[in-house]
Amino acid sequence: MSGGADGANGAAGDDGRPTLAVWKFASCDGCQLSLLDCEEELLMLAGAVRIAHFTEMSRASTPGPYDVSLVEGSITTEADAERVREVRAMSRRLVTIGACATAGGIQALRNFAGEGEYAGMVYAHPEYIAALETSTPISAHVEVDFELQGCPIDRHQLLEVLTATLAGRRPVIPGHSVCWQCKGRGTVCVLVAKGTACLGPVTRSGCGALCPAVGRGCFGCFGPAETANTASLAAQLRHQGMAPLELSRFFSTFNAAAPAFRDEAVAEGAPVRVALGATRRNRPWGAQ
Amino acid sequence: MGGTVSHGSGSPRTIGVEGLARVEGEGSLRVVIADGTVTDVALDIFEPPRYFEALLVGRHFTEAPDITARICGICPVAYQMSACAAMEDAFGVTVDERVAALRRLLYCGEWIQSHALHVYLLHAPDFLGYDDAVELAEHDRGAIERGLQLKRTGNLIMETVGGRAVHPINVRVGGFYAAPPPSAIANLADPLRRARDAALATVEWVAGFDFPDLVGDYRFVALRDSGRYPIEQGRPASSDGLDVSPGELADLIVEEHVARSTALHARLGGRDPYLTGPLARYALNSAALGRLAGEAATRAGLGEVCSNPFRSIVVRAVELVFACNEALSLVEAYAPPDPPASDVIARPGTGTGATEAPRGLLLQSYEIDGEGIIRHARIVPPTSQNQLTIEADLRRVAQGSLDLSDDELGWRCEQCVRNHDPCISCAAHFLDITVVRA
Ligand code: SF4
Ligand code: SF4
Ligand code: SF4
């Protein structure tokens with residue numbers, strides 16, 4: 001297989017339909033499931049594109065190149081680091097879906113080796129396991145054409161990404177914060193009205209501002225908004241009485257390794273394993 | 001990362017399926033046949049571990065439902081419910097019966113979406129000789145549309161009660177963040193009535209498939225819930241007389257870490273392998289299915305116990321009828337819990353929660369300190385409990401199908417694995433981790 005976008009030219013299937021491949025790395029399958037949850041759209045989609053590789057869905061697999069690859073999951077083993085390079089080489093467009101693929105996922109908490117908590121971890125037979133000490137996003141390993149955030153991704157956004165990518169245009173996914181959607185649906189602000197900690201101001205929109213609608217603060221599952229002033233939000237939360245440790249936990253969940261959240265968590269005292277803080281293969285966030 | 005194939009004399013025939021399809025997660029299987037005898041079978045799980053039990057340590061107990069949900073996108077509610085049950089056990093909290101009813105409704109939604117996904121998109125294509133549901137849809141669009149309708153109804157319940165179909169946001173230890181308004185719950189009734197019809201049609205459809213003859217000699221383990229079909233609570237029981245509390249079950253389960261797998265193999269009290277999941281639930285609770293699902297089971301030719309793993313698809317379909325009907329009753333009886341959650345006050349202690357995930361018994365145990373911080377976490381998902389039994393099935397099926405071509409035998413073996421709907425994403429994350437503190 002010749003590599004790169006050029007090598008993947010003319011990937012369309014025998015019948016002229018563009019080909020779609022879905023790949024899984026370290027993840028929970030929830031983002032792929034959002035694709036299956038497109039239900040009716042999926043049957044239509046199956047008519048418009050040829051699903052050439054989607055292990056969770058089919059035994060059949062056609063060799064690449066592929067027009068579009070959707071990639072779920074983070075890189076946690078050498079073998080997977082190699083496999084994602086192969087996927088890149090076979091794909092004209094590579095789109096990462098979800099917090100695992102775009103930021104390393106909840107499993108990237110291992111990157112913050114709290115001495116005493118992670119460093120002393122032993123396994124029954126660690127020699128059986130070939131896992132890296134970090135969980136890194138796909139963009140730390142290969143060039144990514146588009147990153148769709150969310151844990152899980154929103155299926156309407158996924159459909160926009162697929163439609164746009166197949167049409168050759170850049171997907172239109174707003175970069176503003178959850179607050180924008182929250183105010184749009186007329187929810188009373190839990191941060192202002194009840195003093196409930198909310199990451200809405202720094203979290204990317206897309207979910208529809210679900211949590212404040214049930215009286216709960218946003219916990220950041222969509223990852224950082226395009227411009228996220230985490231320091232000012234942290235100051236406000238501190239002012240409302242949140243302890244540093246609590247604050248650092250608040251920023252360290254499903255997008256713990258996304259730079260905007262990671263830096264704030266570290267500023268609040270989250271431990272970083274210095275040797276691994278900047279992984280060898282890390283490229284700047286959002287590198288295309 | 002498969003191990004080495006060991007075999008006897010002669011030149012062995014090896015059936016290998018890499019990248020097992022239509023299962024959740026990354027696995028492969030291998031069967032070695034030498035001199036007409038199956039000498040080695042292995043279901044390998046090579047999904048990289050995500051170390052949930054380690055990363056939970058140091059987190060606040062209130063975070064466990066949302067964090068453990070991310071173990072599996074197909075059954076997040078099962079993780080949330082077992083986590084809540086474990087914390088409530090640790091703190092001596094009993095939830096209001098309206099909260100319990102709403103949890104059961106949410107969980108029914110997950111059963112419906114997960115079973116519909118498995119029956120229609122993952123399992124049925126095997127019986128009809130198709131590679132996938134898309135190919136099946138080309139031949140029988142009505143069937144797939146019925147499956148998607150069921151799945152959508154399950155998702156709708158999860159969205160209405162939980163706020164979102166994948167990783168619901170409305171669940172907390174003690175109950176819910178907000179009780180859905182009665183009007184929203186009432187809107188579920190019509191879709192559920194249609195789903196119930198679709199589920200009855202599903203039973204009829206799958207009962208007509210051709211099933212290979214195979215009877216497993218299973219030791220079934222499932223919850224029992226005082227005369228109700230078990231979902232969100234109950235006491236662990238087995239077909240050979242076990243009747244214990246979730247905490248006692250946790251003590252009995254011994255997991256071992258084998259070289260070729262990132263999952264753990266579970267044994268009960270160091271004894272034989274056992275099976276959890278629909279076949280086990282059914283065997284221990286078929287009398288509690290109620291009239292509609294019970295009669296559907298009888299019409300489909302199921303007895304009180306079903307030990308043919310290929311017919312698990314029929315049992316899943318019967319559970320679909322049960323879950324739709326149960327959800328409808330819960331919808332009709334809905335009264336919003338007020339408050340939507342019990343007060344939960346952390347105190348040092350340990351707790352265990354066990355619930356019935358669509359794929360079987362899911363157990364979580366935690367040790368919590370006085371600040372509400374998790375000091376130790378243990379999660380035992382259904383697939384690691386079933387893995388040894390799946391391998392025993394593989395051996396039996398392969399031995400009985402030696403006359404098939406390699407391709408056919410490989411497919412038959414794949415099907416044999418899919419009978420148990422293994423969730424490899426779940427199974428992979430449970431390495432025996434000991435945290436050593438200085
Ligand atoms: S981003 Fe979240 S939902 Fe998506 S695969 Fe990762 S854990 Fe699952
Ligand atoms: S509740 Fe949260 S998301 Fe909504 S407006 Fe307030 S801060 Fe923003
Ligand atoms: S945590 Fe934030 S981004 Fe995630 S669903 Fe809740 S409101 Fe949306």
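**Ligand sites, sheet and domains in a predicted model**

Author: Ligand 1 is surrounded by residues from chains A and B, so its site is shared between the chains. The model discussed here is predicted.

Reader: Which residues come nearest to ligand 1, and what makes a residue count as near?

Author: A residue is near a molecule if its C-beta atom, placed from the backbone, lies within 6 Å of it. Around ligand 1 there are 14 residues, of which A:Cys28, A:Gly30, A:Gly98, A:Cys100 and A:Cys151 come nearest. Helix 2 (30–36) and helix 5 of chain A each supply at least two residues of this shell.

Reader: How do the residues of the shell around ligand 1 divide into nonpolar, polar and charged?

Author: The shell around ligand 1 holds 7 nonpolar, 5 polar and 2 charged residues.

Reader: Where does ligand 3 lie, and what are the residues around it?

Author: Ligand 3 lies between chains A and B. Chain B is represented in its surroundings by B:Ile169. From chain A come A:Val178, A:Thr203, A:Cys207, A:Ala209, A:Leu210, A:Cys211, A:Cys218, A:Phe219, A:Gly220, A:Cys221 and A:Phe222.

Reader: Why does the shell around ligand 3 divide as it does into nonpolar, polar and charged residues?

Author: Cys counts as nonpolar, and Gly is among the polar residues. By this rule A:Cys207 falls in the nonpolar group and A:Gly220 in the polar group. The division is therefore 10 nonpolar, 2 polar and no charged.

Reader: What is the order of the strands in the open sheet of chain A, and why are strand 2 and strand 6 said to stand at the edges?

Author: The open sheet has 5 strands in the order 2-1-3-4-6, with parallel pairing. Strand 2 (50–54) and strand 6 (146–148) each have a single partner strand, so one side of each is left without a neighbour in the sheet. From one strand to the next, the twist averages 20°.

Reader: How do you know that strand 1 and strand 2 of chain A pair?

Author: Two strands pair if DSSP finds at least two bridges between them. Strand 1 (residues 19–24) is joined to strand 2 by 4 bridges, so the criterion is met. The two strands run parallel, and A:Thr19 stands opposite A:Arg50 in strand 2.

Reader: Which helices of chain A lie against these strands?

Author: Helix 4 (residues 78–90) packs on the sheet and touches strand 1, strand 3 (66–72) and strand 4 (91–97), its direction making about 130° with that of strand 4. Helix 6 (residues 155–167) lies across strand 3, strand 4 and strand 6, running at about 165° to strand 6.

Reader: How is chain A divided into domains, and what is in contact between them?

Author: Chain A is divided into domain 1 (19–167) and domain 2 (178–267). In the contact, 15 residues of domain 1 meet 13 residues of domain 2. The largest share of the domain 1 side, 3 residues, comes from helix 5 (residues 99–103). That side divides into 7 nonpolar, 7 polar and 1 charged.

Reader: Why is helix 10 of chain B called mostly covered?

Author: A residue is buried if 20 or more other C-beta atoms lie within 10 Å of its own. In helix 10 (residues 278–285), 8 of 8 residues are buried, and the helix is therefore described as mostly covered. The buried residues include B:Pro278, B:Arg281 and B:Asn285. Among the elements covering them are strand 6 (221–224), helix 12 (312–332) and strand 10 (349–357) of chain B.

How values were computed. Residues numbered from 1 in each chain as written. Chains lettered and ligands numbered in written order. Predicted model: local features only at pLDDT ≥ 70, side-chain atom pairs only at ≥ 80, totals over all residues. Axes fitted to C-alpha atoms, helices over the stretch in contact; angles between N-to-C directions. Contact = placed C-beta atoms within 7 Å. Domains from an automatic or database assignment. Buried ≥ 20, exposed ≤ 12 C-beta atoms within 10 Å, placed from the backbone.
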